[in-house]
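Please walk through this model with the sequence beside it, moving from single positions in loops to the packing of helices and the cores between them.

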Amino acid sequence: MTTAALEPRAGRRCHNMLNSLHATSYFAPELGRELADLGITHPRAVNFAVRAAALGPVGAGAVTATFYNYKHELVARHVPAVWAIASPEDVLAARVRAVDSALRRLLGEEALTSAEMTEAAGLALRATEACSRSARPLYSAHADLPVPEEPHLAYFHATTLLREHRGDGHLAVLMAAGLDGLEAVVTHTATGKGMTPKWIFSTRGWTQEDWDAASERLRGRGLLDAGGELTDQGTALRKEIESETDRLDRAPYEHLGAEGVTRLTELGAGFAGAAVTAGAFPADLLGKA
């Protein structure tokens, strides 16, 4: 019996749906409340602690390297000081509690206990069986964590693994393309699919002056025009970056198979759409301005 071949962008489409649900956690008020109970109250400290906790009590250098698009000075203001407030183990436990509460609010109890959620968790976890640890520090650290028993938490865990697996590979592609952290952000925002400069400045630590300097460097390479839009060369580079990221991230979705990927994409789109409808993200998060 022959099986259908995986379409070139099928893995990307599936990842986008899974990552949309995963990303709701970073905007969930439940996360801030859980971390505040541990004594971590600054929004940036919350973000650094939650995403880096799987790595252990690492310093600012490790966080800047693995997160890539944050200004190091911002990271250093909160890391490693955050580990003196709460241990990585406590942060990870708080994250699970926050995700549990947030998903109950965004999706509803019926969705969490549905056959579809159990199916989605099984499919996503199966995809992770083909993930590679090599040169993927954030994925590999999260892969050491236990899989939760509850289907909705197992699904979130799997989306985390698949997100970080793709993300780690993406950083290698950005480096090969000669884009530093801020230049990568500027070009992504210029596509219209990235975060607005307002959110970049408030969450990544960069300033307008930093942004302007990065834009000037990109103009010097012929990637941006005078108005800050991508040139044909810049558009081609972004396309090449995404295609190469797809290639490095293809194994999990090939392992799942075309039918499984299609079904997981469908299920993931349903959960992500419900979360968006429930107000999971700020209205002004994405765009060019």
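**From loops to cores**

P80 has its place in the loop between α5 (72-78) and α6 (82-85). In this predicted model, the peptide bond that joins V79 and P80 is cis, with omega at about 10 degrees. V79 appears again further on, as one of the residues included in a core of 26 residues.

Two other loops hold residues with backbone angles worth inspecting. Y68, in the loop between α4 (60-67) and α5, has a positive phi of about 75 degrees although it is not a glycine. A135, placed in the loop between α9 and α10 (137-143), likewise is not a glycine and has a positive phi, here of about 60 degrees. Are these two residues buried or exposed? Y68 has a relative accessible area of 16% and is therefore buried, the cut-off for that class being under 20%. A135, with a relative accessible area of 75%, is exposed, since that value is over 50%.

A further loop residue, W206, is found between α13 (197-204) and α14. Its relative accessibility of 16% places W206 among the buried residues. Which residues does W206 touch once its neighbours within four places in sequence are left aside? The contacts of W206 are N69, Y70, K71, L182, I200 and F201. Between W206 and A283, which are 77 residues apart in sequence, the C-alpha to C-alpha distance is 21 Å.

L182, one of the contacts of W206, also takes part in the packing of two helices. Helix α12 (residues 181-190) and helix α14 (residues 208-220) have axes that come within 9 Å and cross at roughly 80 degrees. The two helices, α12 and α14, are therefore roughly perpendicular. On the side of α12 the contact is made by L182, E183, V185, V186, T187 and T189, and on the side of α14 by D210, W211, A214, S215, R217 and L218. Sorted by class, the residues in this contact of α12 with α14 are six nonpolar, three polar and three charged.

A second helix pair can be read in the same manner. The axes of α7 and α11 lie 10 Å apart, and the two helices pack at an angle of about 115 degrees. Here too the description that follows is roughly perpendicular, so α7 and α11 are assigned to that class. The crossing in which α7 passes α11 is right-handed. From α7 the contact draws on R95, V96, V99, D100, L103 and R104, while α11 supplies H152, L153, F156 and T160. Five nonpolar, two polar and three charged residues make up the contact of α7 with α11.

Both α7 and α11 also contribute to the largest nonpolar core, as the following description shows. This core has 35 residues, and those with the most contacts inside it are L21, L107, Y155, L162, V261, L264 and F271. The elements that give two or more residues to it are α1 (10-23), α7 (88-107), α8 (109-112), α9 (115-128), α11 (151-176), α16 (250-256) and α17 (258-277). The largest share, seven residues, comes from α11. In soluble globular proteins, nonpolar side chains tend to be buried together. L21 offers a view into the core: beyond its neighbours within four places in sequence, L21 is in contact with L103, L107, Y155, F271, A272 and A275. A second core, separate from this one and of 26 residues, includes A53, V63, V79 and L92.

Helix α9 can be examined through two of its residues, T128 and E119. T128 is buried, with a relative accessible area of 11%, and its contacts outside the neighbours within four places in sequence are Y139, A158, L161 and L162. E119, by contrast, counts as partly exposed at 32% relative accessibility. Leaving aside neighbours within four places in sequence, E119 is in contact with R263 and L267. E119 and L267 are 148 residues apart in sequence, yet their C-alpha atoms are 8.5 Å apart in space.

Finally, helix α3 (residues 43-52) is mostly covered, as nine of its ten residues are buried. The buried residues of α3 are R44, A45, V46, N47, F48, A49, V50, R51 and A52.

Conventions:
Residues are numbered from 1 along each chain as its sequence is written. This is a predicted model: local features need pLDDT of at least 70, side-chain atom pairs count only at pLDDT 80 or more; totals for chains, interfaces and linings use all residues. Side-chain values use heavy atoms; hydrogens and water are left out. A nonpolar core is a set of buried Ala, Val, Leu, Ile, Met, Phe, Trp, Tyr and Cys residues joined through side-chain atoms within 4.5 Å. Buried means under 20% relative accessible area, exposed over 50%, partly exposed in between (1.4 Å probe, protein chains only). Helices (H or I, at least four residues) and strands (E, at least two) are DSSP runs, numbered from the N terminus. Contact means heavy atoms within 4.5 Å. Axes are lines fitted to C-alpha atoms, for helices over the stretch in contact, and angles run from 0 to 180 degrees between N-to-C directions. Angles under 35 degrees count as roughly parallel, over 145 as roughly antiparallel, 65 to 115 as roughly perpendicular and the rest as oblique. A crossing is left-handed if the near helix is turned anticlockwise from the far one by less than a right angle, and right-handed if clockwise. Ala, Val, Leu, Ile, Met, Phe, Trp, Tyr, Cys and Pro count as nonpolar, Asp, Glu, Lys and Arg as charged, and the others, Gly among them, as polar.
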